[in-house]
Amino acid sequence: MAHPIKLQIQFGGGAELLFDSIKSRTIELPAIDKYFPECQREKWTIKELLVWMKDNLLRERPELFLQGDSVRPGILVLVNDTDWELYDELSYELLEGDTIAFISTLHGG
Amino acid sequence: MPVPCATGCGRNASLKRPKTGDALCKECFFWAFETEIHFTITRGELFNRGDSVAVAASGGKDSTVLAHVLKTLNERYNYGLNLILLSIDEGITGYRDDSLETVMQNSADYVMPLKILSYKDLYGWTMDEIVAQIGRKNNCTFCGVFRRQALDRGAALLNVKCIATGHNADDIAETVLMNVLRGDIARLKRCTAISTGSEGTIPRVKPLKYSYEKEIVMYAHYKKLVYFSTECVFAPNAYRGHARALLKDLEKIRPTCIMDIIYSGETMSVKEEVTLPTQRTCSRCNFVSSQEVCKACVLLEGLNKGLPKLGIGKSSKAKRMLEEYNAKQNDSLQEAISEINDEFKKNNCISKGKVCKSNCKSKENKHSTTDLNTVDANTNSCEQVHSNEVTDDNKETKCCNKKQYCTNKKTNETNESNSKAEKLLAEYGIPESSDKPNSIEETNSSQDKVCEIDVSNSVDNEEFDVDLHTNDEVILKEEDNTCAGACGKVDSLHIGF
Ligand SMILES: [Zn+2]
Ligand SMILES: [Zn+2]
Ligand SMILES: [Zn+2]
């Protein structure tokens, strides 16, 4: 059975500027079949998380954060402080209590 | 599933290195990252024992990591370097507060002296004052051109052996690509050099030349280094933006493309028959320039003459503007302006010692007095030399080199021109100096005062001003004169006097 999960999401390196300058927030994702009725999966992956973020958190200029169905190249994603490239990137299945960080390398200083 | 660290240290890996594809734990990554920079430094012979090195510090990720790593390596390998943070404050209201705060924090954290120099210190104008003259539209040209030379001027003031900048591998690959896309062969040849600088200038070195942006950001993240990030620096549709996006897209597919592009840039050779513009020094300020008179001096001339648009756009237009300007001015006004320039130059010279800016030429004076303000680099004391030759032989002088308006003519100035001068002074917001322009004693003594540079005086009490569209991390690193990737404006100044 699909059920809601709670996550911590964090922004850094300037990515927070696209999200009301809030660096860290706790979010609760609804059961995935509630949010994506078509979805066959039981568990949220980062791919769906990005869609949810676009719908619910990203206010403007989504092209600065997203490209295709992933993040824009140059934005690093960390799953519990580990490079998502060591997991399955978009298809990483989110677990209750996970911390997902988005750190931009594209923003200047 | 956790991935084990590729070194076999027994810990779990934290990141995948883009350069090698290795999965490393934090500790092994720190070691690899720092050691590679150490090899870059030693193989490139970037420093010599005992050198004073200015670390160009913007508060951004690259310069923050650079400062941290240089400090670490300096201690670990006993380089014997005297590291100084050098920051430029362009004086744009609302922009620099946070980044300069970050730099000050770095200075405290790393126990490294910090020198913040303002555009006012270096050029006599703040960006706010320039914006008031020129408007928002063209100020990028100014901030880009001024920024480019600011480090050189600042480093000269600090009397350092070289400037270390935070250019990373991604930046350099991007620059190679941009130079190819612009057909800029001269810069293409130069841009991959790990150390740049012709003789007589202070070399710039790039210890992070082979460090990936991703690793720099991960290093800062895992080390919890404090850095400042601005709004996204490149408009996705600007020319540079496209190039950068292309590079990031390629890097995503094949991360080694960054090193490959740098390698291509390094090994590409230019056909002999291709003539390259030679690098030389500006005949007015003696800093590096591709023209006889550098762009900063052209822009300053425009500002000081009340023709702020001079130097923006085509050179033919600039020449026309100058001609119209000269035709329009009657003698007395011209003298008034010259006097402003003189006074202004005095102020400049007084406040920055080694740095000298603009030049006012008098059309009707064929014999102008040449004024050489020489700063002895070792003692930081200034001497003023008077000679009666006419202009152009001054290129050899190492220091402050300015051509002065003929002083003999000055005596018959009218009250009218003085009042005009005052009005113009007020308009420029330049405080009227009580010094008479040609009082050598006074000038000398005040120069002595200011030419003493106190490097240990790490925190300036100046007000820091700001602007959100500029990105100095990029600009500090820019080889060209765009203000930032953001506007993607390629400099359009090709002026010959
Ligand atoms: Zn390890
Ligand atoms: Zn700009
Ligand atoms: Zn110059």
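## Exercises on side-chain contacts

B:K248 is buried, its relative accessible area being 9%, where buried means under 20% relative accessible area, exposed over 50% and partly exposed in between (1.4 Å probe, protein chains only). This is a predicted model, in which local features need pLDDT of at least 70 and side-chain atom pairs count only at pLDDT 80 or more, while totals for chains, interfaces and linings use all residues. Residues are numbered from 1 along each chain as its sequence is written, chains are lettered from A in the order in which they are written, and side-chain values use heavy atoms, with hydrogens and water left out.

**Exercise 1.** Find which side chain meets that of B:K248 in a salt bridge, and place both residues in the chain.

*Solution.* Start from the rule: a salt bridge is a side-chain nitrogen of Lys or Arg within 4 Å of a carboxyl oxygen of Asp or Glu. The partner of B:K248 is B:E213, at 2.8 Å from N to O. Next, locate the two: B:K248 belongs to helix α10 (residues 239-253) of chain B and B:E213 to helix α9 of chain B, so that the pair links distant parts of the chain, 35 residues apart. Helices here are DSSP runs (H or I, at least four residues), as are strands (E, at least two), numbered from the N terminus. B:E213 counts as buried, at 1% relative accessibility. Finally, look wider: B:K248 and B:E213 are part of a network of salt bridges that also includes B:R240, B:R244 and B:E251.

**Exercise 2.** Determine how the rings of B:F30 and B:Y219 are arranged, and which charged end sits over the ring of B:F30.

*Solution.* Rings of Phe, Tyr and Trp (its six-membered ring) pair if their centres lie within 6.5 Å, and planes under 30 degrees apart count as stacked, over 60 as edge-to-face and the rest as tilted. The centres of B:F30 and B:Y219 are 5.5 Å apart and their planes stand at 80°, so this pair is edge-to-face. Because B:F30 lies in helix α1 (residues 26-43) and B:Y219 in helix α9 (residues 213-222), both of chain B, the pair ties together parts that are 189 residues apart in sequence. B:F30 is buried at 8% relative accessibility, and B:Y219 is buried at 0%. The charged end over the ring of B:F30 is that of B:K223, 4.3 Å from the ring centre; the rule asks for NZ of Lys or CZ of Arg within 6 Å of the ring centre and within 35 degrees of the ring normal.
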